[in-house]
Amino acid sequence: MLPLSLGMAWLLLAPLCLWLLIRGSNTERAGAIVTLALLEAGTIAMNALLHPAVPVQPAAAHILPAPPARTGGVPMPASCDERAQVPRTAEAKAGGELLLSWPAASRECDRAEVTLLARDGKLLIWLRTVRRTGEHEARGGVLTLPVRVKDGTASLKVPLHGKARYVPADGRSGRPIPGSAA
């Protein structure tokens, strides 16, 4: 609602302010400059706000049993639930890898697209589980990594390549991802 209100304010007030800058008195010009400055400050402030990640709501009202652990010989389901994930834990492993884990869905995908961005001492992580297709492999800046499911928990290992000193954080909300409890 805030972006819509701000957009309408720009549409209505900006032309009026420009007209007052050209044709208005000195007081009206000062008011027009202040109004334009407030509109710009509101736009910058709205852009700087971090929007929290949308939590994934389960479709069923009851708790489903955890999916069985997958092994190398078990085929993957024909379709899976592609969705944005928020890692529950992030654990630095030896060899410059980061182990991300989250609760597995009943039809968890076998691949995940991971995008990393180091900013302000944080390693922002965007994670989306996807089906295995050739089109996901060639996208620049996005790592497509295999997902492992065991005991109802999905996980993957992300190579860090020099980003180990940053604190892992969710890219959507900016909130730090806690380390492993084990």
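**Exercise 1. The salt bridge**

Task: In this predicted model, the side chains of R172 and D170 meet in a salt bridge. Find the distance between the charged groups, and decide for each partner whether it is buried, partly exposed or exposed.

Solution.
Step 1. The distance from N to O is 3.5 Å.
Step 2. Side chains of opposite charge can pair when their charged atoms come close.
Step 3. The cut-off for a salt bridge is 4 Å, so a pair at 3.5 Å qualifies.
Step 4. R172 has a relative accessible area of 24% and is partly exposed.
Step 5. D170 has 2% relative accessibility, so this residue counts as buried.
Step 6. A search of the whole structure finds 1 salt bridge.

**Exercise 2. The overall layout**

Task: Count the helices and strands of the protein and give their order along the chain. Then state what share of the residues is buried.

Solution.
Step 1. The protein has 3 helices and 9 strands.
Step 2. Starting at the N terminus, the order is α-α-β-β-β-β-β-α-β-β-β-β.
Step 3. The protein has 182 residues, and 29% of them count as buried.
Step 4. About 11,800 Å² of the protein is exposed, with 62% of that area supplied by carbon and sulfur atoms.
Step 5. Take the contacts between residues at least 6 apart in sequence: 66% of these join residues at least 24 apart.

**Exercise 3. A nonpolar patch**

Task: Which residues form a nonpolar patch on the surface, and where does L4 lie?

Solution.
Step 1. The patch is formed by M1, L4, M8, L11, L12, L13, L16 and W19.
Step 2. Together these residues have about 910 Å² of accessible area.
Step 3. L4 belongs to helix α1, which covers residues 2–23.
Step 4. The relative accessibility of L4 is 54%; the limit for exposed is over 50%, so L4 counts as exposed.

**Exercise 4. The second largest pocket**

Task: Give the volume of the second largest pocket and find which strand gives the most to its lining.

Solution.
Step 1. Rolling a probe the size of a water molecule over the atoms shows where empty space is left.
Step 2. For the second largest pocket, the volume is about 250 Å³.
Step 3. Its lining has 12 residues; L99, S101, R148, S155 and L156 are the ones nearest the centre.
Step 4. At least two lining residues come from each of β2 (89–93), β3 (97–103), β7 (148–150) and β8 (153–159).
Step 5. The strand that gives the most is β8, with 4 residues.

**Exercise 5. A positive phi**

Task: What is the phi of D151, and is the residue buried or exposed?

Solution.
Step 1. Most residues other than glycine have a negative phi.
Step 2. D151 has a phi near 55°, which is positive although the residue is not glycine.
Step 3. D151 is found in the loop between β7 and β8.
Step 4. With a relative accessible area of 64%, D151 is exposed.

**Exercise 6. Two residues of strand β5**

Task: Compare the surroundings of T129 and W126, setting aside residues up to four places away in sequence.

Solution.
Step 1. T129 lies in strand β5, residues 122–130, and W126 is also placed in β5.
Step 2. T129 has a relative accessible area of 0% and is buried.
Step 3. Its contacts are D81, E82, R83, Q85, W102, E108, C109, R111 and A112.
Step 4. W126 counts as partly exposed, at 28% relative accessibility.
Step 5. W126 touches E113, V114, T115, L117, G171 and R172; R172 is also a partner in the salt bridge of Exercise 1.
Step 6. The C-alpha atoms of W126 and E113 are separated by 8.0 Å, and the two residues are 13 apart along the chain.

**Exercise 7. A buried leucine**

Task: Where is L98 placed, and which residues does L98 touch beyond four places in sequence?

Solution.
Step 1. L98 is in strand β3.
Step 2. L98 counts as buried because its relative accessibility is 4%, and buried means under 20%.
Step 3. The residues touched are A90, E91, A92, L123, I125, L156, K157, V158, L160 and P168.
Step 4. Of these contacts, P168 is 70 residues from L98 along the chain, with 8.9 Å between the C-alpha atoms.

Notes:
Residues are numbered from 1 along each chain as its sequence is written. This is a predicted model: local features need pLDDT of at least 70, side-chain atom pairs count only at pLDDT 80 or more; totals for chains, interfaces and linings use all residues. Side-chain values use heavy atoms; hydrogens and water are left out. Buried means under 20% relative accessible area, exposed over 50%, partly exposed in between (1.4 Å probe, protein chains only). Contact means heavy atoms within 4.5 Å. Accessible areas come from the Shrake-Rupley method with a 1.4 Å probe; for residues, only the protein chains shown count as cover. Patches are made of residues with over 30% relative accessible area and no salt bridge: like charges are joined within 9 Å, nonpolar side chains (Val, Leu, Ile, Met, Phe, Trp, Tyr) within 5 Å. On a 1 Å grid over the protein atoms alone, a cavity is a set of points where a 1.4 Å probe fits but cannot get out, and a pocket is an open set with protein on both sides within 12 Å along at least five of seven lines; lining residues have an atom within 4 Å of a point. Grid points are joined across faces, edges and corners, and a volume is the space filled by probe spheres set on the points.
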